[in-house]
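Here is an informal walk through a structure you may not have met before. Have a look at it, and then we can go through its parts together.

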Amino acid sequence: MRKAKVHTDHLGINPQKHSSTDESEPLYYVGFNVPVGRITSEQMRRVADIADRYGTGDIRLTTGQNLVIPNIPESRIGALSNEPLFQELPFNPSPIMRGLVSCTGNDYCPMALIETKGYAIKVARELERRCAGRKIAPLTIHWSGCPAGCGLHQIATIGMQGCRSRVNGQVVDAAHVCVNGKAGPDPSPATDIMYDVPISRLVDALEPLVTYLPR
Ligand code: SF4
């Protein structure tokens with residue numbers, strides 16, 4: 001089996017592969033960002049409506065917790081890209097948001113040591129704000145709420161593993177931080193670089209990593 005040379009997140013509007021004998025109109029797919037996979041039922045109905053109107057009604061899920069609508073004819077791409085839904089769930093998100101992944105955390109998991117998805121979005125939004133205008137290389141930021149690692153933090157550019165820490169006698173939500181994990185054709189586990197970072201201090205700790213971490 002041929003190995004893929006690069007890892008792709010399937011975001012953006014991209015051509016689908018066709019056989020050389022296929023003479024029908026070229027087809028495209030749109031992959032768009034659903035930060036940490038959280039979507040409302042109202043948004044999901046709009047996704048289904050767009051899939052029906054522009055494609056064949058198919059919707060696919062990515063391992064990065066995002067969505068893909070395939071089978072869109074080339075002539076429909078202009079109208080598709082102007083759909084208001086993509087203001088909320090963009091197909092061209094910031095480098096910080098496009099690789100954001102989180103396990104369910106204590107919303108639904110009894111093993112979780114901390115809440116994860118809410119923290120992941122909050123920290124990412126603040127990093128986006130602080131890093132606006134800076135050049136940022138593609139990266140992934142993954143969160144797991146405990147050592148089980150369902151958020152695959154050990155294969156992320158920056159990974160967080162939830163924990164509890166003590167600050168001035170108070171027990172607070174915190175995370176261990178690891179970096180430079182990789183999946184795909186040349187995999188390697190991340191390296192731990194910080195332990196017990198209180199969530200309230202995490203943006204300060206991650207800002208230099210987002211900007212300067214060599215990749
Ligand atoms: S990593 Fe831990 S907290 Fe997150 S879903 Fe898995 S078991 Fe639950």
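Tyr 28 has Ile 72 in S4 as its bridge partner. That pair belongs to the place where strand S2 (residues 27-32) and strand S4 (residues 67-73) come together, antiparallel, over 5 bridges. Keep in mind as you read that this is a predicted model.

S2 and S4 sit within an open sheet of 4 strands, ordered S1-S2-S4-S3, with antiparallel pairing. Strand S1 (12-15) and strand S3 (60-61) each have a single partner strand and stand at the edges, so one side of each has no neighbour in the sheet. Helix H1 (residues 41-54) lies across S2 and S4, and runs at about 20° to S4.

There is another sheet to look at. What order do the strands of the open sheet of 5 take? The order is S5-S6-S7-S8-S9, and the pairing here is mixed. At the edges you find strand S5 (100-102) and S9, each with a single partner strand, so one side of each is left without a neighbour in the sheet. On average, neighbouring strands of this sheet are turned by 25° against each other, direction ignored. As for what holds such arrangements together, strands of a sheet pair through backbone hydrogen bonds, either parallel or antiparallel.

S7 and S8 run antiparallel and are joined by 10 bridges. S8 also pairs with S9, again in the antiparallel sense, over 5 bridges. Here are some of the residue pairs to pick out.

| Residue | Bridge partner or opposite residue |
|---|---|
| Ser 165 | Val 172 in S8 |
| Gly 159 | Cys 178 in S8 |
| Val 177 | Met 194 in S9 |

The hairpin of S7 and S8 has 2 residues between the strands, and Asn 168 takes a positive phi near 50° there. S8 itself is mostly covered, with 7 of its 10 residues buried.

Now for the helices on this sheet. H5 packs on it and touches S5, S6 and S8, its direction making about 160° with that of S5. H6 packs on the sheet too, touching S6, S7, S8 and S9, and its direction makes about 155° with that of S9.

How many of the 11 residues of helix H6 (residues 202-212) are buried? The count is 8, so H6 is largely enclosed by the rest of the structure. The buried residues of H6 are Leu 202, Val 203, Ala 205, Leu 206, Glu 207, Leu 209, Val 210 and Thr 211. They pack against helix H4 (95-98), helix H5 (117-131), strand S6 (141-144), strand S7 (158-167), strand S8 (170-179) and strand S9 (191-198).

Back at the edge of the sheet, Ser 102 has its place in strand S5. Is Ser 102 buried or exposed? Ser 102 counts as buried because its relative accessibility is 1%, and the cut-off for buried is under 20%. Leaving aside residues up to four places away in sequence, Ser 102 touches Val 36, Gln 65, Thr 116, Lys 117, Ala 120 and Trp 143.

Next, the ligand. Which residues are around the ligand? They are Cys 103, Thr 104, Cys 109, Met 111, Ala 112, Ser 144, Gly 145, Cys 146, Ala 148, Gly 149 and Cys 150. This shell divides into 7 nonpolar residues, 4 polar ones and no charged ones. One of its members, Cys 109, is partly exposed, with a relative accessible area of 27%.

With several cysteines in that list, you might wonder about disulfides. How many disulfides does a search of the whole structure find? The search finds 0. Cys 131, for one, is in no disulfide, and the nearest cysteine sulfur, that of Cys 178, is 19 Å away. A disulfide needs the two sulfur atoms within 2.5 Å. Cys 131 is also buried, with a relative accessible area of 3%.

One last stop is Ala 79, which lies in helix H2 (residues 77-81). Ala 79 is partly exposed, at a relative accessible area of 38%. Between Ala 79 and Ala 156 there are 35 Å in space, C-alpha to C-alpha, and the two are 77 residues apart in sequence.

Methods:
Residues are numbered from 1 along each chain as its sequence is written. This is a predicted model: local features need pLDDT of at least 70, side-chain atom pairs count only at pLDDT 80 or more; totals for chains, interfaces and linings use all residues. Side-chain values use heavy atoms; hydrogens and water are left out. A residue is near a molecule or strand if one of its heavy atoms lies within 4 Å of it. Ala, Val, Leu, Ile, Met, Phe, Trp, Tyr, Cys and Pro count as nonpolar, Asp, Glu, Lys and Arg as charged, and the others, Gly among them, as polar. Buried means under 20% relative accessible area, exposed over 50%, partly exposed in between (1.4 Å probe, protein chains only). Contact means heavy atoms within 4.5 Å. Two strands pair if DSSP finds at least two bridges between them. Axes are lines fitted to C-alpha atoms, for helices over the stretch in contact, and angles run from 0 to 180 degrees between N-to-C directions.
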